[in-house]
Amino acid sequence: MTRPPPLDAALKRLAGALDQLEAAAERLARAGAERRDLVDTLTVMQDDRGRLASELDAALTRTQVLEHATDEVALRLGHAGAGLRRLLAHAEGEIN
C-alpha cells in the first residue's frame, strides 16, 4: 500500500524532527555531565581553599609566636651579655 505524497513528506519531517530532538537530548545530557564535573571540581577547589586558609592562619600564628619568642630570647641574651660585661669589668678591676 502506497502512502499519499503529503503523508510521506510529513513522515520525513517527523523523522527529521525526531533526529534533531534526539541529538539535542544527547547534547543536553553531555552538558549536564560536564556541569556535574565542573561542580565537583569547584567543590574540591573550595575545600582546598578552606584547608589552605586554615593552614595559612596556623602558619601566621606560629610565625607570631616564634617572633615573640625570638624577641624574648634577644632580650634575655642582651641582659645576659650586659651581666657578663659587668662581671668582666668587676673582675678586671679586682685584678688591676
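This report walks through the fold, the surface and the salt bridges of a predicted model.

## Overall shape

Let's start with the fold. The secondary structure of this protein comes to 1 helix and 0 strands. That helix, H1, covers residues 5-95, in a protein of 96 residues.

The dimensions go along with that. Measuring along the principal axes, the C-alpha trace spans about 135 × 15 × 15 Å. The radius of gyration is 41 Å, whereas a compact globule of 96 residues would have one near 12 Å.

## Surface and burial

How much of the protein counts as buried? Of its 96 residues, 2% do. The accessible surface comes to about 8,800 Å², and 63% of that belongs to carbon and sulfur atoms.

One nonpolar patch on the surface is worth a look. Leu 7, Leu 11, Leu 14, Leu 18 and Leu 21 form it, and together they have about 450 Å² of accessible area. Leu 7 sits in helix H1. With a relative accessible area of 40%, Leu 7 is partly exposed, so it clears the cut-off of over 30% that patch residues need.

## Charges

On the charge side, the protein has 13 positive and 16 negative charges. Take the mean position of each set, and the two points are 9 Å apart.

## The salt bridges

How many salt bridges are there? The count comes to 3. Let's begin with the pair on Arg 51. This residue forms a salt bridge with Asp 48, where the closest N and O atoms are 3.7 Å apart. That falls inside the 4 Å cut-off, so the pair counts. Arg 51 also meets Glu 55 in a salt bridge, at 3.0 Å from N to O.

The spacing along the chain is easy to picture. Arg 51 and Asp 48 both lie in helix H1, 3 residues apart, or about one turn of the helix. Glu 55 and Arg 51 are both in H1 as well, 4 residues apart, again about one turn. As for exposure, Arg 51 counts as partly exposed at 41% relative accessibility. Asp 48 is partly exposed too, with a relative accessible area of 34%, and Glu 55 is partly exposed at 41%.

## Arg 76, Glu 72 and the network

Further along the helix, Arg 76 forms a salt bridge with Glu 72, the closest N and O atoms being 3.0 Å apart. Why can these two be picked out as helical neighbours? Because they are 4 residues apart in helix H1, Arg 76 and Glu 72 are separated by about one helical turn.

Are the two partners exposed or partly exposed? Arg 76 has a relative accessible area of 56%, so it is exposed. Glu 72, at 31% relative accessibility, counts as partly exposed. Back at the other site, salt bridges that share partners join Asp 48, Arg 51 and Glu 55 into one network.

How values were computed: Residues numbered from 1 in each chain as written. Predicted model: local features only at pLDDT ≥ 70, side-chain atom pairs only at ≥ 80, totals over all residues. Heavy atoms only, no water. Patch = residues over 30% accessible without salt bridge, like charges linked within 9 Å, V, L, I, M, F, W, Y side chains within 5 Å. Areas by Shrake-Rupley, 256 points an atom, 1.4 Å probe, with all protein chains shown as cover. Salt bridge = Lys/Arg side-chain N within 4 Å of Asp/Glu carboxyl O. Helix = DSSP H or I, 4+ residues; strand = E, 2+ residues; numbered from the N terminus. Buried < 20%, exposed > 50% of the residue type's maximum accessible area, 1.4 Å probe, protein only. Rg over C-alpha atoms; globule rule 2.2 N^0.38 Å. Lys, Arg positive; Asp, Glu negative; His and termini not counted. Charge placed at Lys NZ, Arg CZ, Asp CG, Glu CD.
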